[in-house]
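Here are my notes for a colleague who is new to reading structures. Please keep the sequence and the model open while going through the numbered points.

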Amino acid sequence: MHPAREFNFDGLVGPSHNYAGLSFGNVASFNNVKSASNPRLAALQGLAKMRELAKRGFAQAVMPPQDRPNFRLLRSLGFTGSDAEVISKAYKESPVILACAYSASPMWTANAATVSPSADTADGRVHFTPANLNNKLHRAFEHLQSARTLRAIFADAQRFVVHDALPGTPAFGDEGAANHTRLCAHHGDAAVEMFVYGRVEFDASAPAPRRYPARHTLEASQAVARLHGLNADRAVFVQQNPDVIDQGVFHNDVIAVGNANVLFYHEQAFADEQDTLAQLRNAMGGVGAELQAIRVDTGAVSVADAVSSYLFNTQLLSKPDGKMALVTPHECQEITSVARYLDGLVKSGGPVDELIQFDLRQSMRNGGGPACLRLRVALTDAEASAMHQGVVMTETLYQKLVAWVEKHYRDHLEPQDLGDPQLAVEVHTALQELEQILGLPGLYDL
Ligand code: SUG
């Protein structure tokens, strides 16, 4: 075993955080379409979570937001002239395209990439594959900046490799770590990597959802496992239950979460529950770990309640005493079945003995809970020292980022504000300053 710690890289919410209803299949995104957002509060809520978890001794870092609007996208779609003209024309002719170019969706870093720690890979380096997110226009270009950001943070080529995203075609739909979980005895051990896909491109007989899209394919997961040099005995590919995708479970992390040897999941999460557990148990036997499954049945919590509370979009964090804390959004306490379930869970004497609750309502209204906001990267001490240190969350960095948010972010953003060219100037100015705060000059020179 190589001692390692799991860093959570939380996305810093960008200055143009807004609700545009862009994610068909994501119920919260659709329900809050065109309501006003509060980018300042959104960023502060995210920072409060990072600060508290860092204070509690969990390894915590920050992923910077992306430059907005995406002028390259707007210009590639035929909007011409100065930046201000591009914005005005796009707003007049297609406000939805402008909203896509303005989405702050990179805040959900669980979709930034899939990460395989060095204990799992053939060459002993930490591998990252930025997710192509090709199912949604507003997310399909994130991977370019995600790759640039990850390469800036994990620059040491002896220890880290950041691949290019998979080809951006439906056959390789990739949503990153939201559909990926490592299961092992300790974070530094070789682990079983579980990949959960929504559909199979090259098998027309495989089940698929009917109402909402399955964003992630088996072919994408297999390609990532190959790129990362995973041992075939330790990579498990399982299908998400298409019926739950049709009930608004657009990523596996909305219905299941794993940490160390624990898998916390809803009985309806997988297309074949028994086969999924059998495969995991078998593969985990090879790495000396025993699966501890915490199964929530429909009688205790319905899929609808799981989706509206984000019971499974929670973070399971290992504490030094060997127990785990579950990081939940406030919504979990507001839905009776979920609150009751959680009360029983922490009193059960099982691995989870504590809830850490946060108000993340600004993110939740777009379908992003605690787990969406973080990308897990397990690093040995030597790897942790080799990454860029300016993104590691400390009290000093927290204070600097709060001051930066308060200086630059609006506290009210209406859909029509995206047509105001001044917003783009504000975002640009803020991000130029952020490069300095994080010590990442040129981060946005894509
Ligand atoms: O891809 N919402 C995101 C939420 C991502 C949640 N991530 C995880 N489950 N890991 C999405 O659907 C909404 C944007 C809008 O409608 O304005 C959005 O992109």
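1. The ligand is surrounded by 22 residues, counting a residue if one of its heavy atoms lies within 4 Å of the ligand, and the closest of them are Ser23, His138, Arg139, Asp253 and Cys372. By class, this shell holds eight nonpolar, eleven polar and three charged residues, where Ala, Val, Leu, Ile, Met, Phe, Trp, Tyr, Cys and Pro count as nonpolar, Asp, Glu, Lys and Arg as charged, and the others, Gly among them, as polar.

2. Please bear in mind that this is a predicted model, in which local features need pLDDT of at least 70 and side-chain atom pairs count only at pLDDT 80 or more, while totals for chains, interfaces and linings use all residues. Residues are numbered from 1 along each chain as its sequence is written, and side-chain values use heavy atoms, with hydrogens and water left out.

3. Backbone atoms also meet the ligand: a backbone N or O atom of alanine 20 lies 2.9 Å from a ligand oxygen atom, and for glycine 21 the corresponding distance is 3.0 Å. A polar backbone atom of leucine 22 is 2.8 Å from an oxygen atom of the ligand. The protein covers 100% of the 490 Å² of accessible area that the ligand has on its own, as computed by the Shrake-Rupley method with a 1.4 Å probe.

4. Two backbone details deserve a look. Arginine 68 and proline 69 are joined by a cis peptide bond with omega of about -5°, and lysine 34, although not a glycine, has a positive phi of about 65°. Most residues other than glycine have a negative phi, and most peptide bonds are trans.

5. As for overall dimensions, the C-alpha atoms of the chain fill a box of roughly 60 × 45 × 45 Å, taken along the principal axes.

Methods
A polar contact is a pair of N or O atoms within 3.5 Å; within protein, one must be able to donate a hydrogen and the other to accept it, and residues adjacent in sequence count only if both atoms are side-chain atoms.
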